[in-house]
Amino acid sequence: MGLPTPIEQSLGLTKDTIGNRLEAIATLMIELADMPGRLRDISRIIADCSGNITEVHHERGNTENIKDCFLRVDLETRNYDHVEQIEQALRAEGFHVVRK
């Protein structure tokens with residue numbers, strides 16, 4: 001297996017102990033309406049895609065709508081394609097994923 005691509009390196013990808021797989025800690029920033037159940041929905045979507053959430057940060061303000069917020073989600077993924085799969089699943093459910 002070759003070295004990680006520049007995109008994979010920017011995501012923090014590393015080889016596992018056997019050296020045959022890449023794993024990534026990715027960060028997604030999601031802008032959403034601040035209302036009950038939204039964190040549950042995001043968690044379900046990520047879990048359904050086999051992502052593992054390691055940290056969540058909720059931030060109000062700096063959005064166009066006063067009732068919106070940003071949710072920063074750190075998660076373990078397999079590789080860049082897996083991150084893309086999770087982002088697409090979130091968007092398909094109506095979430096606004098903001099790239100850093």
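The following paragraphs describe the overall fold of the chain, two of its helices and the salt bridges they carry.

The model considered here is predicted. Its chain contains 3 helices and 5 strands, and these elements follow one another along the sequence in the pattern α-β-β-α-β-β-α-β. Of the 100 residues in the chain, 36% are buried. The accessible surface amounts to about 6400 Å², and carbon and sulfur atoms account for 50% of that area. When contacts between residues at least 6 apart in sequence are considered, 59% of them join residues at least 24 apart.

Helix α2 is a good place to begin a closer look. This helix covers residues 38-48, and its buried residues are Asp41, Ile42, Ile45 and Ile46. Viewed down the helix axis, these buried residues fall within an arc of 130 degrees, so they line one face of α2. Arg40 and Asp48 are exposed on the other side of the helix. The general geometry of helices is helpful here: with 3.6 residues a turn, residues three or four places apart in an α-helix point the same way.

Beyond α2 comes Ser50, a residue with a positive phi. The angle is about 70 degrees, although Ser50 is not a glycine. Ser50 sits in the loop that connects α2 with β3, the strand of residues 52-60. With a relative accessible area of 52%, Ser50 is over the 50% cut-off and therefore counts as exposed.

Salt bridges form the next topic, and the structure holds 7 of them. In general, side chains of opposite charge can pair when their charged atoms come close. Within α2, Arg38 is bridged to Asp41, with 3.6 Å between the closest N and O atoms. These two partners are 3 residues apart in the helix, about one turn. How exposed or buried is Asp41? Its relative accessible area is 17%, which means that Asp41 is buried, the limit being under 20%. Arg38, at 22% relative accessibility, is therefore partly exposed.

Arg38 also has neighbours outside its own stretch of sequence. Leaving aside residues up to four places away in sequence, Arg38 touches Leu32, Ala33 and Phe95. A further spatial relation links Arg38 to Leu71: the two are 33 residues apart along the chain, and their C-alpha atoms are separated by 10.0 Å.

A second salt bridge in α2 joins the side chains of Arg44 and Asp48, with an N to O distance of 3.5 Å. Here the partners are 4 residues apart, again about one turn of the helix. Arg44 has a relative accessible area of 37% and so is partly exposed, whereas Asp48 reaches 58% and counts as exposed.

Attention now turns to helix α3, which is made up of 13 residues, numbers 80-92. At 1.5 Å a residue, a helix of this length should span 18 Å. The C-alpha atoms at its two ends are 18 Å apart, so the model agrees with that expectation. Asn79 caps the N-terminal end of α3, with a side-chain oxygen placed 3.1 Å from the backbone nitrogen of Asp81. After the helix comes Gly94, which has a positive phi near 95 degrees. The buried residues of α3 include Val83, Ile86 and Leu90, and His82, Glu84 and Glu87 are buried as well.

Glu87 also takes part in a salt bridge, its side chain meeting that of Arg91 at 3.3 Å, N to O. Both residues belong to α3 and lie 4 residues apart, about one turn of the helix. What is the accessibility of each partner? Arg91 is partly exposed because its relative accessible area is 37%, while Glu87, at 4%, counts as buried. Elsewhere, salt bridges with shared partners join Arg38, Arg40 and Asp41 into one network.

Conventions
Residues are numbered from 1 along each chain as its sequence is written. This is a predicted model: local features need pLDDT of at least 70, side-chain atom pairs count only at pLDDT 80 or more; totals for chains, interfaces and linings use all residues. Side-chain values use heavy atoms; hydrogens and water are left out. The expected span of a helix is 1.5 Å times one less than its number of residues. Buried means under 20% relative accessible area, exposed over 50%, partly exposed in between (1.4 Å probe, protein chains only). A polar contact is a pair of N or O atoms within 3.5 Å; within protein, one must be able to donate a hydrogen and the other to accept it, and residues adjacent in sequence count only if both atoms are side-chain atoms. A salt bridge is a side-chain nitrogen of Lys or Arg within 4 Å of a carboxyl oxygen of Asp or Glu. Contact means heavy atoms within 4.5 Å. Accessible areas come from the Shrake-Rupley method with a 1.4 Å probe; for residues, only the protein chains shown count as cover. The arc is that of the directions from the helix axis to the C-beta atoms.
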